[in-house]
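Here's a walk through one protein chain, going from the overall fold down to a few individual residues. Have the viewer open as you read.

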Amino acid sequence: MRICFISFCVFLTISCWSQTAQKPGPKPAAPAKPVITKDSPTGGDITSEIAKEFANKLVNYAEEDLQNFGKPSYTRYTYLHNTMVKWLNYQFLEADSEIAISWFKKIDEFIVFFQNTKKDYDLGFQEAGSPEKQQLKQRFEKGLANLKGILEQVPPKTKPDRLEALKRQKQTYLREKKAAERAKSGKQTLFDGDK
């Protein structure tokens with residue numbers, strides 16, 4: 001009886017071990033889907049002026065980096081990227097700025113490009129004057145020139161029918177939000193349905 005029990009335990013252990021050994025390992029987690037929010041990440045409307053100021057800030061950061069390219073500074077682009085991701089997850093971004101979402105995505109691509117290029121330069125094991133580092137600096141310069149070219153053009157406008165639909169959705173949402181806040185505070189007025 002004891003021999004049967006021990007042989008059964010050994011067999012069970014070997015079979016479990018062989019099944020886990022055949023698996024390639026844990027699968028990487030799927031990227032999280034962005035959470036679309038109806039509330040502005042800035043607390044107010046993201047106008048076209050604010051968007052252009054943001055893009056100009058990116059240009060200023062890149063120009064400062066070109067002046068002193070040897071100084072590690074790739075982490076500053078992380079802040080810009082996080083801000084842009086929040087903007088892209090804002091449902092009424094196009095309604096506020098009247099700029100097509102493709103323009104914002106293009107700016108985010110440049111942010112990621114600058115961050116990755118500068119990170120490769122800053123964390124690279126090559127010497128400062130090596131051909132690899134010179135090539136990274138040249139890529140950075142070309143990327144900055146391309147960004148300046150895009151910013152000189154007028155940003156593409158959102159299609160009028162989409163813009164009107166987004167503005168209606170935003171008004172409806174704000175109306176419902178205001179009514180919910182009033183109901184929560186107990187201050188109902190006769191005109192809650194009209195505003």
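The paragraphs below start with the whole chain and then work through helices, core, pocket and single residues.

First, a caveat: this is a predicted model. With that said, the fold is easy to summarise. The protein chain has 7 helices and 0 strands, so reading along the sequence gives you α-α-α-α-α-α-α. Of the 195 residues in the chain, 29% are buried. The accessible surface comes to about 13,800 Å², and carbon and sulfur atoms account for 56% of that. If you take the contacts in the chain with a separation of 6 or more, 75% of them join residues 24 or more positions apart.

A good place to start is helix H5, residues 101–123. How far apart are its end C-alpha atoms, and does that agree with what its 23 residues should span or disagree? At 1.5 Å a residue the helix should span 33 Å, and the end C-alpha atoms are 33 Å apart, so the two values agree. Plenty of H5 is buried: Trp103, Phe104, Ile107, Asp108, Phe110, Ile111, Phe114, Gln115, Thr117, Lys118, Tyr121 and Asp122. If the spacing in that list looks familiar, recall that an α-helix has 3.6 residues a turn, so residues three or four places apart point the same way. As for partners, the buried residues of H5 pack against helix H2 (48–67), helix H3 (76–88), helix H4 (93–97) and helix H6 (131–152).

Several of those H5 residues turn up again in the largest nonpolar core, which has 32 residues. The ones with the most contacts inside this core are Leu58, Tyr77, Trp87, Phe104, Ile107, Ile111 and Phe114. Two or more residues come from each of H2, H3, H4, H5, H6 and helix H7 (160–185), and H2 gives the most, with 8 residues. As background, nonpolar side chains tend to be buried together in soluble globular proteins.

Click on Tyr77 to see some of this in detail. Setting aside neighbours within four places in sequence, Tyr77 is in contact with Leu58, Tyr61, Ala62, Asp65, Ile111, Phe114, Gln115 and Phe140.

Next comes H7, which has 26 residues. Its first and last C-alpha atoms are 37 Å apart, close to the 38 Å expected at 1.5 Å a residue. The buried residues here are Leu163, Leu166, Lys170, Tyr173 and Arg182, and the buried residues of H7 pack against H4. After H7 comes Gly186, with a positive phi near 85°.

Now for the pocket. The largest one has a volume of about 170 Å³. It is lined by 11 residues, and the closest to its centre are Ile36, Leu88, Asn89, Tyr90 and Ile101. The elements that give two or more residues to the lining are H4 and H5.

Between H4 and H5 there's a loop, and Glu98 sits in it. What is odd about its phi? Phi of Glu98 is near 60°, a positive value in a residue other than glycine. Most residues other than glycine have a negative phi. Glu98 counts as partly exposed because its relative accessibility is 32%, between the 20% and 50% cut-offs.

Ser48, in helix H2, makes a useful stop too. Buried or exposed? Ser48 is buried, because its relative accessible area of 17% falls under the 20% limit. Leaving out neighbours within four places in sequence, Ser48 is in contact with Ser97 and Ile99.

Two last residues let you check pairs that are separated in sequence. Lys119 is in helix H5 and is partly exposed, with a relative accessible area of 36%. Lys119 and Ser73 are 46 residues apart in sequence, with their C-alpha atoms 7.9 Å apart in space. Not counting residues up to four places away, Lys119 touches Tyr74 and Gly124. Gln138, over in helix H6, is partly exposed as well, with a relative accessible area of 44%. Gln138 and Leu66 are 72 residues apart in sequence and 9.9 Å apart in space, C-alpha to C-alpha.

Definitions and conventions: Residues numbered from 1 in each chain as written. Predicted model: local features only at pLDDT ≥ 70, side-chain atom pairs only at ≥ 80, totals over all residues. Heavy atoms only, no water. Helix = DSSP H or I, 4+ residues; strand = E, 2+ residues; numbered from the N terminus. Expected span 1.5 Å × (residues − 1). Buried < 20%, exposed > 50% of the residue type's maximum accessible area, 1.4 Å probe, protein only. Contact = heavy atoms within 4.5 Å. Core = buried A, V, L, I, M, F, W, Y, C linked by side-chain atoms within 4.5 Å. Areas by Shrake-Rupley, 256 points an atom, 1.4 Å probe, with all protein chains shown as cover. 1 Å grid on protein atoms, 1.4 Å probe; cavity = no way out; pocket = protein on both sides within 12 Å on 5 of 7 lines; lining within 4 Å. Points joined across faces, edges and corners; volume = space filled by probe spheres on them.
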